[in-house]
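Dear colleague,

Please find below the structure that I am handing over to you. My notes on it follow directly after.

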Amino acid sequence: MRLLIAEDDPQLGDGLTVGLRQAGYAVDWVKDGVAADLALLNESYDLLVLDLGLPRLDGLAVLSRLRGRGQTLPVLILTARDATGDKIAGLDSGADDYLIKPIDIDELAARVRALTRRSVGRAQPLLSLGDLVIDPAAHQVTLAGMPVELSVREFSLLQLLVENAGRVMTRAQIEDSLYGWRDEPDSNALEVHIHHLRKKIGTERIKTLRGIGYMVPK
Ligand code: CA
């Protein structure tokens, strides 16, 4: 999953970026509202973490432009402790949740999981397909009850494919979801991850559609 963070405070922005990357997300970080608006226009994200007090274009304006274009990705706003009005205005402008600064990274990661889960139409915290069970919170996978060791990338890739089970995911869609701006993939990185995943969960579970992409059959 790929997230955008819009936060002008360098320390906080850096902390959020590092923390969410460690939680397995591809993260892009922009430091003003105009950059956020452009990124949202040009890239596809699964969630936006939006500071309301941003230079050049404030967070509420970014949010109303986003919703005005019909973009439905979940938005989590960050507000100052005393800014109750901001929080209400943000929720009324189409934000899905809010956190009050100072931000606790574990709480943020939990809210991100809940919001992205709901946005793919899944109320259950566990994802399962036959005897394969994925626990996004614990970052664990089991196959017929036995734990499967996956790297962070393999885990994200498997989660993406299983969330879209029965649908073909193109190479571009997968790379968009797995990689942020700062870590462009090698040309064969995806094949390598797929190869490793197949060795760990069974070759037949991931189908290759030559020249198109990959699919996990339902
Ligand atoms: Ca700010």
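In which sense do strand 1 and strand 2 pair, and over how many bridges? Strand 1 and strand 2 pair in the parallel sense, over 5 bridges. Strands (E, at least two residues) and helices (H or I, at least four) are DSSP runs, numbered from the N terminus, and two strands pair if DSSP finds at least two bridges between them.

Before going further, please note that this is a predicted model, in which local features need pLDDT of at least 70 and side-chain atom pairs count only at pLDDT 80 or more, while totals for chains, interfaces and linings use all residues. Residues are numbered from 1 along each chain as its sequence is written, and side-chain values use heavy atoms, with hydrogens and water left out.

The parallel sheet

Strands 1 and 2 belong to an open sheet of 5 strands, with parallel pairing and the order 2-1-3-4-5. Its edge strands, each pairing on one side only, are strand 2 (26-30) and strand 5 (97-100). From one strand to the next, the twist averages 20°; axes are lines fitted to C-alpha atoms, for helices over the stretch in contact, and angles run from 0 to 180 degrees between N-to-C directions.

Strand 1 (residues 2-6) is also joined to strand 3 (residues 47-51), by 4 bridges, and the two run parallel. Within this pair, Leu3 stands opposite Leu47, and the bridge partner of Leu4 is Leu48. Towards strand 2, Arg2 has Ala26 as its bridge partner. The chain passes from strand 1 through helix 1 to strand 2 in a right-handed β-α-β crossover, meaning that, with the strands pointing away from the viewer, the path from the first strand over the helix to the second runs clockwise.

Two helices pack on this sheet. Helix 1 (residues 10-22) touches strand 1, strand 2 and strand 4 (75-79), and its direction makes about 170° with that of strand 2. Helix 5 (residues 105-119) touches strand 1, strand 3, strand 4 and strand 5, and its direction makes about 180° with that of strand 5.

How many of the residues of strand 1 are buried? In strand 1, 5 of its 5 residues are buried, where buried means under 20% relative accessible area, exposed over 50%, and partly exposed in between (1.4 Å probe, protein chains only). Both of its faces are covered, with Arg2, Leu4 and Ala6 on one side and Leu3 and Ile5 on the other. In strand 4 one finds Thr79, which counts as buried because its relative accessibility is 2%. Neighbours within four places in sequence aside, Thr79 is in contact (heavy atoms within 4.5 Å) with Leu52, Asp86, Lys87, Leu99, Ile100 and Lys101.

The calcium site

Which residues coordinate the calcium ion? The donors are Asp8 (OD), Asp51 (OD) and Gly53 (O), at 2.2 to 2.4 Å. Donors are N, O and S atoms within 2.8 Å of the metal (3.2 Å for Na, K and Ca), and the site may look incomplete because water is not among the atoms. The spacing of the donor residues in sequence is D-x42-D-x1-G. Asp51 is buried, since its relative accessible area is 4%.

The hairpins

Strand 6 (127-129) and strand 7 (132-135) are joined by 3 bridges and run antiparallel. They form a hairpin with 2 residues between them, and Gly130 in the turn has a positive phi of about 60°. Strand 7 also runs antiparallel to strand 8, through 4 bridges. Here the hairpin has 4 residues between its strands, and His139 in the turn has a positive phi of about 60°. Along strand 7, Leu132 and Ile134 point to one face and are buried, while Val133 and Asp135 point to the other and are not.

The nonpolar cores

The largest nonpolar core has 27 residues, and those with the most contacts inside it include Val141, Leu157 and Ile206. Such a core is a set of buried Ala, Val, Leu, Ile, Met, Phe, Trp, Tyr and Cys residues joined through side-chain atoms within 4.5 Å. Strands 6, 7 and 8 and helices 6, 7 and 8 each supply at least two residues of this core, and its largest share, 6 residues, comes from helix 6. Apart from it lies another core, of 19 residues, among them Leu48, Leu52, Leu57 and Ile77.

With kind regards
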